[in-house]
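Here are some short exercises to work through with the model open beside you. Try each task before you read its solution.

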Amino acid sequence: MSEKITAENLIESLVDTFVEKKKSVSFFQGEKSDSVSSQINKLFGREKPVHHILGGGKSADVLLWRNKKISASVLTSATVVWVLFEWLNYHFLTLLCFALVVVMLAQFVWSNASGFFNRAPSDVPRLVLPEELFVNIATAVGGEVNRGLSFLQDVACGANLKQFLIVVGALFAGAVIGSWCNFISVIYIGFVAAHTLPIFYEKYEDEVDNFVNKVLGQMQHHYRNIDANVLSKIPKGKGKKHE
């Protein structure tokens with residue numbers, strides 16, 4: 001009787017082990033397929049993390065709120081500047097003159113305070129901006145401007161009508177947005193978006209990817225209809241080849 005019970009228990013244990021092993025294999029296979037599908041459905045085919053795409057340095061830390069105090073101070077400073085220019089109608093020259101007056105008053109008090117307190121005169125700290133800073137800014141801005149101009153000219157001189165219409169539509173949308181608000185407000189909106197959208201996407205990555213993929217699928221469907229009914233019937237011009 002004991003041998004029979006032992007054999008039955010042994011068979012049951014073998015069956016349970018086989019079932020659990022099969023479940024574990026299917027679980028890992030499902031997890032692997034989910035990871036592969038999620039990697040395929042990443043926004044714009046992204047494979048690297050958001051922090052790496054944003055540069056992976058201190059700027060990425062600020063945009064992703066790794067240090068909340070620094071990120072909050074940067075966003076607050078931008079908000080204060082926007083309020084001064086947009087709501088209080090201050091001008092750049094006015095703020096510059098006020099800032100220079102405050103700095104000069106601070107240096108004047110620093111340099112003359114020793115005489116009032118009968119102390120030895122101390123060196124007043126002076127603000128000196130390095131020349132390399134302006135050279136780097138000018139080089140970076142000039143390179144981006146030339147790159148944008150080169151892209152627009154390549155699109156205008158090329159034979160790709162679809163790309164030309166997309167670029168013209170984007171510029172028209174920018175002109176409409178510019179008519180709604182001034183340049184400072186557009187910069188501030190972009191600054192706020194740069195400090196809120198990355199952290200929002202990092203927190204709700206899967207939901208955003210699914211939503212964007214659905215929207216892009218619908219846009220591609222409508223674009224195929226427009227391409228088949230309108231754009232494909234427009235004769236293509238021959239672009240000039242540049243040496």
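**Getting your bearings**

The chain has nine helices and zero strands (DSSP runs numbered from the N terminus: H or I of at least four residues for helices, E of at least two for strands). This is a predicted model, where local features need pLDDT of at least 70, side-chain atom pairs count only at pLDDT 80 or more, and totals for chains, interfaces and linings use all residues. Residues are numbered from 1 along each chain as its sequence is written, and side-chain values use heavy atoms, with hydrogens and water left out.

**Exercise 1.** Find what share of the 243 residues is buried.

*Solution.* Take buried as under 20% relative accessible area, with a 1.4 Å probe and protein chains only. Buried residues then make up 11% of the chain.

**Exercise 2.** Look up the "transmembrane region" annotation and describe the spans it covers.

*Solution.* Start with the record: the unreviewed UniProt entry puts this annotation on residues 95–113 and 164–191. UniProt positions follow the numbering used here, feature names are shortened, and annotations may be inferred rather than shown by experiment. Next, check each span. Residues 95–113 are 100% helix and 0% strand, with end C-alpha atoms 27 Å apart. Residues 164–191 are 93% helix and 0% strand, and their end C-alpha atoms lie 28 Å apart.

**Exercise 3.** Work out how α4 and α8 are oriented to each other.

*Solution.* First get the geometry, using axes fitted to C-alpha atoms over the stretch in contact and angles from 0 to 180 degrees between N-to-C directions. Helix α4 (residues 68–87) packs on helix α8 (residues 183–203) at about 165°, with the axes 11 Å apart. So the two are roughly antiparallel (an angle over 145 degrees). Now look at who touches whom, with contact meaning heavy atoms within 4.5 Å. On α4 the residues include Val74, Trp82 and Glu86, while those on α8 include Ile184, Tyr188 and His195. By class, this contact has nine nonpolar, three polar and one charged residues (nonpolar: Ala, Val, Leu, Ile, Met, Phe, Trp, Tyr, Cys and Pro; charged: Asp, Glu, Lys and Arg; polar: the others, Gly among them).

**Exercise 4.** Do the same job for α6 and α7.

*Solution.* The axes of α6 (residues 131–157) and α7 (residues 161–180) come within 8 Å and cross at roughly 130°. That makes α6 oblique to α7 (an angle outside the ranges under 35, 65 to 115 and over 145 degrees). Phe151, Leu152, Val155 and Ala156 of α6 meet Gln163, Phe164 and Val167 of α7. Sort them by class and you get six nonpolar, one polar and no charged.

Key. Buried < 20%, exposed > 50% of the residue type's maximum accessible area, 1.4 Å probe, protein only.
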